[in-house]
Amino acid sequence: MGYQKVSSEACPLLVPLAEEGWTDNQVARDTLDIYLERFEESDIDSLILGCTHYPLFKKSIRQALSNKQIRHHRFRPIHCGHVS
């Protein structure tokens, strides 16, 4: 097993959006587009949702990272494809 590159992105607006029930509307999608923009063209292979609220956004996250193959498993990473 080699070294792995780990990146993080703070997403402080997602918790209040989730608490309002705004997980799959235009506000949520626009917010996620901003937060996840830097990962869209990257070679990430996993996205770890580091908050219990974040799985509520899985549909919107899939849309924000539409060029990635994403599989979601509760409390596990979202796999975004294979890195060679």
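Let me begin with contacts: among those in the protein chain with a separation of 6 or more, 65% are between residues 24 or more positions apart. I should say straight away that what we are looking at is a predicted model, and that the values I will give are computed from it.

As for the elements themselves, the secondary structure of the protein chain comes to three helices and two strands, and if you read along the sequence you will find them in the pattern α-α-β-α-β. The protein chain has 84 residues, of which 33% count as buried, while the surface it exposes is about 6100 Å², with carbon and sulfur atoms supplying 52% of that area.

Let me turn to the interior. The largest nonpolar core holds 18 residues, and the members that touch the most other members are Leu14, Leu32, Leu36, Tyr54, Phe57, Ile61 and Leu65. At least two residues of this core come from each of helix H1, which spans 14–19, helix H2, which spans 26–40, and helix H3, which spans 58–64. Of these contributions, the largest share is that of H2, with five residues. If you would like one residue to follow on the screen, take leucine 36, which, leaving aside residues up to four places away in sequence, touches Ile61, Ala64 and Leu65.

Staying with helix H2 for a moment, aspartate 33 also lies there. Is this residue buried or exposed, or something in between? Its relative accessible area is 38%, and because buried means under 20% and exposed means over 50%, aspartate 33 is described as partly exposed. Aspartate 33 and glutamine 63 are 30 residues apart along the chain, yet their C-alpha atoms are separated by 8.7 Å.

Now to the pockets, where I will describe just one. The largest pocket has a volume of about 690 Å³, and 25 residues line it, with Ser7, Phe39, Ile44, Ser46 and Leu47 lying nearest its centre. Which elements supply at least two residues each to this lining? They are H2 and strand E1, the latter spanning 46–47, and it is H2 that gives the most, with four residues. In terms of residue type, the lining of the largest pocket divides into 14 nonpolar residues, six polar ones and five charged ones.

To close, I would ask you to keep helix H2 in view, since it has come up twice: H2 provides the largest share of the largest nonpolar core, and H2 also gives the most to the lining of the largest pocket.

How values were computed
Residues are numbered from 1 along each chain as its sequence is written. This is a predicted model: local features need pLDDT of at least 70, side-chain atom pairs count only at pLDDT 80 or more; totals for chains, interfaces and linings use all residues. Side-chain values use heavy atoms; hydrogens and water are left out. A nonpolar core is a set of buried Ala, Val, Leu, Ile, Met, Phe, Trp, Tyr and Cys residues joined through side-chain atoms within 4.5 Å. Buried means under 20% relative accessible area, exposed over 50%, partly exposed in between (1.4 Å probe, protein chains only). Contact means heavy atoms within 4.5 Å. On a 1 Å grid over the protein atoms alone, a cavity is a set of points where a 1.4 Å probe fits but cannot get out, and a pocket is an open set with protein on both sides within 12 Å along at least five of seven lines; lining residues have an atom within 4 Å of a point. Grid points are joined across faces, edges and corners, and a volume is the space filled by probe spheres set on the points. Ala, Val, Leu, Ile, Met, Phe, Trp, Tyr, Cys and Pro count as nonpolar, Asp, Glu, Lys and Arg as charged, and the others, Gly among them, as polar. Accessible areas come from the Shrake-Rupley method with a 1.4 Å probe; for residues, only the protein chains shown count as cover.
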